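Hi everyone, thanks for coming. I'd like to walk you through a structure that may be new to you, so let's put it on the screen.

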Amino acid sequence: MTVTEKLRQYLMVDPTNSELALQLIESLAVEGKTRDALEFLQTFYNAEEHDFRFLAWSAHLHLALSQFENAIENYQTLFAMGHIHQAHQINCAYAYYYNSNRTAALDLLNECHSSEPEHILLKARCMSDADELAPVIEMLNETDFSSSNDKVVSDKKGLLSLLYLDNGDYAQAQKFSAETLDKDEENFDARLVKASLSLFKFDIENAVTDVNLLYNVYPSIGRVIVLKALLEMSLKNFVAALELYKQACTLMPEHVGTRVNLAWCHFLTGNIDLAEVTFEEAIKIDRTFSEGHGGLSLIKSKQEKWIESKELARTALKLDKNCASALFSRALYLKNIGRDNEANLIMNGLVGSKSEMTGKSLKNIILESLRIG
């Protein structure tokens, strides 16, 4: 007879014994019967009693079952009762993180001041949306991972590769991605970086392989969907890209770059009205994102609404003097009012601009997509 079976028998004799109930919950959890443990707990325990031991087990079991909102509610009840322990704070931070609330997760991690490498990794992930990534990279590089297991070290290097990518340091991103995949070929961050770099370099053959392999395994992760959509745009499969960006915008409604790319897909598939609405949505999300204003400026120029186009282009170029869509729009405006020489100077300047990753003419990359000649 197993320990669990014995405990069930004891509880039949003494059905209100809390100590036996807690032992049975633990025994079921150890056996990997997480759902059974939670079901028994919910049957036995009256939540109105506010017994912190059962609340803690309820939180842990909900977390193990990826029921993050329930786990957060239980942990917050524990904290309100005064049972504030570092382990509970860390677990609650994980629940917040996986429930897409990085700010709340980071607040908890800062409160408990854990220096464990695994917790530093979680903290770095929570900080990875910051405008300035150099401090996050520095924090990871300064943390001692020498006593960590191979999986944690691999996770650190993979995350570093992704942070370097997002910080524009492609050489370091490629270096750490390759090092990670050499030890752990399934590492998600490193695979994402490898696929991204293939696409950024316009190495289409490898990009098709890398992106599709990643998408086949992670078809519901926003960033992977965006990468797949970018690949389809590169292959001029604009209808397929459009559907993918719609999915990504549903998953990441506040991600302005994805919204702008959805607008471009509407434009490229001939739906100017939807493109206009979507660029306007992007501007509402982030008024400092130049391509939102630049894209809408180009739409207005196509509609021959020249005054609106001019003002939008001016706004975009104040935010980013190299905003390609705004420069095109500006050139079209100048051409419309008969200042052909100035328009040509802008276009020639774009022709001379080179992509850091590919060496292609920036004008050619944009013209291939926008069909503006």
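Before anything else, a word on vocabulary: I'll call a residue buried when its relative accessible area is under 20%, exposed when that figure is over 50%, and partly exposed in between. With that cut-off, 46% of the 373 residues in the chain come out as buried. And please keep in mind that what you're looking at is a predicted model.

So, the overall picture. What is the chain built from, helices or strands? Helices: there are 22 of them, and 0 strands. Now for the outline. The radius of gyration is 27 Å, well over the 21 Å that the globule rule gives for 373 residues, so the chain is more spread out than a compact globule. If you lay the C-alpha trace along its principal axes, the spans are about 95 × 45 × 35 Å.

A few more chain-wide numbers while we're here. Take the contacts between residues at least 6 apart in sequence: 47% of those join residues at least 24 apart. On the outside, the chain exposes about 19,300 Å², and carbon and sulfur atoms supply 49% of that. As for charge, you'd count 37 positive side chains and 52 negative ones, with the centres of the two sets 10 Å apart.

Let's go inside. The largest nonpolar core has 66 residues. Which residues have the most contacts inside that core? They are Leu140, Leu163, Leu227, Met233, Tyr245, Trp264 and Phe279. The helix giving the largest share is H16, residues 256-268, which puts in 8 residues. There's also a second, separate core, this one of 40 residues, and Leu38, Tyr96, Leu106 and Leu108 are included in it.

Let me zoom in on Met233 from that first list. Setting aside residues up to four places away in sequence, Met233 touches Phe238, Ala241, Tyr245, Trp264, Cys265 and Leu268. Tyr245 and Trp264 may sound familiar, as both were on the list of residues with the most contacts in the core.

Next, Ser161, which you'll find in helix H10, residues 150-166. Is Ser161 buried or exposed? Its relative accessibility is 0%, so Ser161 counts as buried. Leaving out neighbours within four places in sequence, Ser161 is in contact with Ala173, Phe176, Ser177, Asp189, Ala190 and Val193.

Now hop over to Arg223 in helix H14, residues 222-234. Arg223 has 33% relative accessibility, and because that falls between the two cut-offs it counts as partly exposed. Beyond residues up to four places away in sequence, Arg223 touches Leu162, Leu165, Asp166, Leu192 and Met252. To give you a sense of distance, Arg223 and Asn70 are 153 residues apart along the chain, and their C-alpha atoms are separated by 26 Å.

Back towards the start of the sequence, have a look at Thr34. Thr34 sits in helix H3, residues 34-44. At 18% relative accessibility, Thr34 counts as buried, and its contacts outside the four-place window are Leu28, Leu61, Ala64 and Leu65.

Met127 is another one to click on; look for it in helix H8. Not counting residues up to four places away, Met127 touches Leu106, Leu133, Val136 and Met139. Leu106, you'll recall, is one of the residues in the second core. Met127 and Glu73 are 54 residues apart along the chain, with 23 Å between their C-alpha atoms.

Last stop: the loops. His113 lies between helix H7 (102-112) and helix H8 (117-127). What is the phi of His113? It's positive, about 55 degrees, although His113 is not a glycine. His113 has 66% relative accessibility, so it counts as exposed.

Phe202, in the loop between helix H12 (188-200) and helix H13 (204-217), also isn't a glycine and has a positive phi of about 55 degrees. At 29% relative accessibility, Phe202 counts as partly exposed.

And finally Lys321, in the loop between helix H19 (306-319) and helix H20 (324-336). Lys321 is exposed, with a relative accessible area of 64%. Where does Lys321 lie in relation to Ser290? The two are 31 residues apart in sequence and 9.1 Å apart in space, C-alpha to C-alpha.

That's my tour. Happy to take questions.

Definitions and conventions: Residues are numbered from 1 along each chain as its sequence is written. This is a predicted model: local features need pLDDT of at least 70, side-chain atom pairs count only at pLDDT 80 or more; totals for chains, interfaces and linings use all residues. Side-chain values use heavy atoms; hydrogens and water are left out. Helices (H or I, at least four residues) and strands (E, at least two) are DSSP runs, numbered from the N terminus. The radius of gyration is taken over C-alpha atoms; the globule rule is 2.2 Å times the number of residues to the power 0.38. Buried means under 20% relative accessible area, exposed over 50%, partly exposed in between (1.4 Å probe, protein chains only). Contact means heavy atoms within 4.5 Å. Accessible areas come from the Shrake-Rupley method with a 1.4 Å probe; for residues, only the protein chains shown count as cover. Lys and Arg count as positive and Asp and Glu as negative; His and the chain ends are not counted. The place of a charge is taken as NZ of Lys, CZ of Arg, CG of Asp or CD of Glu. A nonpolar core is a set of buried Ala, Val, Leu, Ile, Met, Phe, Trp, Tyr and Cys residues joined through side-chain atoms within 4.5 Å.
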